[in-house]
Amino acid sequence: MKRGWMLLLCLTLLLCGCSRKESQVEGDCVVYLLDQGKTTLQPMAYRYRSENTDDRINELFTMLMQSSEEGSYSAAIPSGVNLINWTLSESGTLTCVFSPAYYDVATSEEVLMRAAIVKTLTQLEAVSALEFYVMEEPLTLNGTAVGTMAAEQFLEDVGVSVGTIKCTLYFANAAKTKLVPVQVEVEADDYYTSEQLVLATLIQGPTKDGCYATVPKDTKINHIVTKDSICYVDLSSEFMNYQQDMPAELTIYSIVNSLAELTNVSKVVFTVEGSTRNLYINLDLSQIFERSLELVEE
């Protein structure tokens, strides 16, 4: 269902209400805007004008496009970027389609814009996650599809560099019979969540001698999102180009164990190109996986 015309109507209705004092502290939700220097998120309380979910989505998008008359905050979505339409699935995923100008937004501002949109819209009970499209293609940054995003994927101090993150990755041993834990430091990137960074680094393979990559090197991360401690991982079809001498258990549990090292992940669900595969070699891929220490070399 296309909502572009509704957004224009909502914008007209709300223009008169945008002069409210920014000191407002009571409301039904929080709209995340940008500070004047566009370096951090600035929350503003907001009270809904409608009881209808569709209308509330349009209200929030409209507010995200507003700057204060006094210049105390800036719009999260800059004037050159147009929201063409949006659709809300029964599962709670809000798909937003933006104009090509999205890619013209500076890197630092884009991170804040994306965080502001996700953190604002997921406050609605009907919305659990968002995915961004630019025209007909999924939003892609640095050659990687951003995928589905939930509010908890963004740090409270989003936009502030955190340097590096320490994590434990699991690779295969020389005999390819067990997993070997390897401590690594990954350079943090404002574009990506910890789950994306961990899995992308795992796919790149080890730098330590005596360890071997477990995931086919051409595998791409289509989507990765964590909800209720379950990490949902959707991989490209190249994932099925498994190594003949690499047991399925090592590949799957290298991913599961590596992701489960993150404090917000306890289980992992796999799909390939959006579909559940019954088998990965001889392993049932349709199950929910938990960390396995039995496969870790002592």
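## A pair of strands

In this predicted model, Leu-169 has Val-182 of strand 11 as its bridge partner. That contact belongs to a wider pairing: strand 10 (residues 164-172) and strand 11 (residues 179-187) run antiparallel to each other and are joined over nine bridges.

Follow the chain from one strand to the other and you will meet the turn of a hairpin, with six residues between the two strands. Look there for Lys-176, whose phi is positive, at about 55°. Strand 10 itself is mostly covered, with seven of its nine residues buried.

## Helix 3

Another mostly covered element is helix 3, where 13 of the 15 residues are buried. Why does a span of 21 Å agree with what should be seen for residues 107-121? The helix has 15 residues, and at 1.5 Å a residue they should span 21 Å; its end C-alpha atoms are indeed 21 Å apart, so the two values agree.

## The second largest pocket

Now for some empty space. The second largest pocket has a volume of about 380 Å³. Its lining is made up of 18 residues, and those nearest the centre are Thr-144, Ala-200, Thr-219, Lys-220 and Ile-221.

Which elements each supply at least two residues of this lining? They are strand 9 (144-145), helix 4 (194-204) and strand 12 (221-227). Helix 4 gives the largest share, with five residues. Sorted by class, the lining of this pocket holds eight polar, six nonpolar and four charged residues.

Terms used:
Residues numbered from 1 in each chain as written. Predicted model: local features only at pLDDT ≥ 70, side-chain atom pairs only at ≥ 80, totals over all residues. Heavy atoms only, no water. 1 Å grid on protein atoms, 1.4 Å probe; cavity = no way out; pocket = protein on both sides within 12 Å on 5 of 7 lines; lining within 4 Å. Points joined across faces, edges and corners; volume = space filled by probe spheres on them. Helix = DSSP H or I, 4+ residues; strand = E, 2+ residues; numbered from the N terminus. Nonpolar A, V, L, I, M, F, W, Y, C, P; charged D, E, K, R; others polar. Expected span 1.5 Å × (residues − 1). Buried < 20%, exposed > 50% of the residue type's maximum accessible area, 1.4 Å probe, protein only. Pairing = 2+ DSSP bridges.
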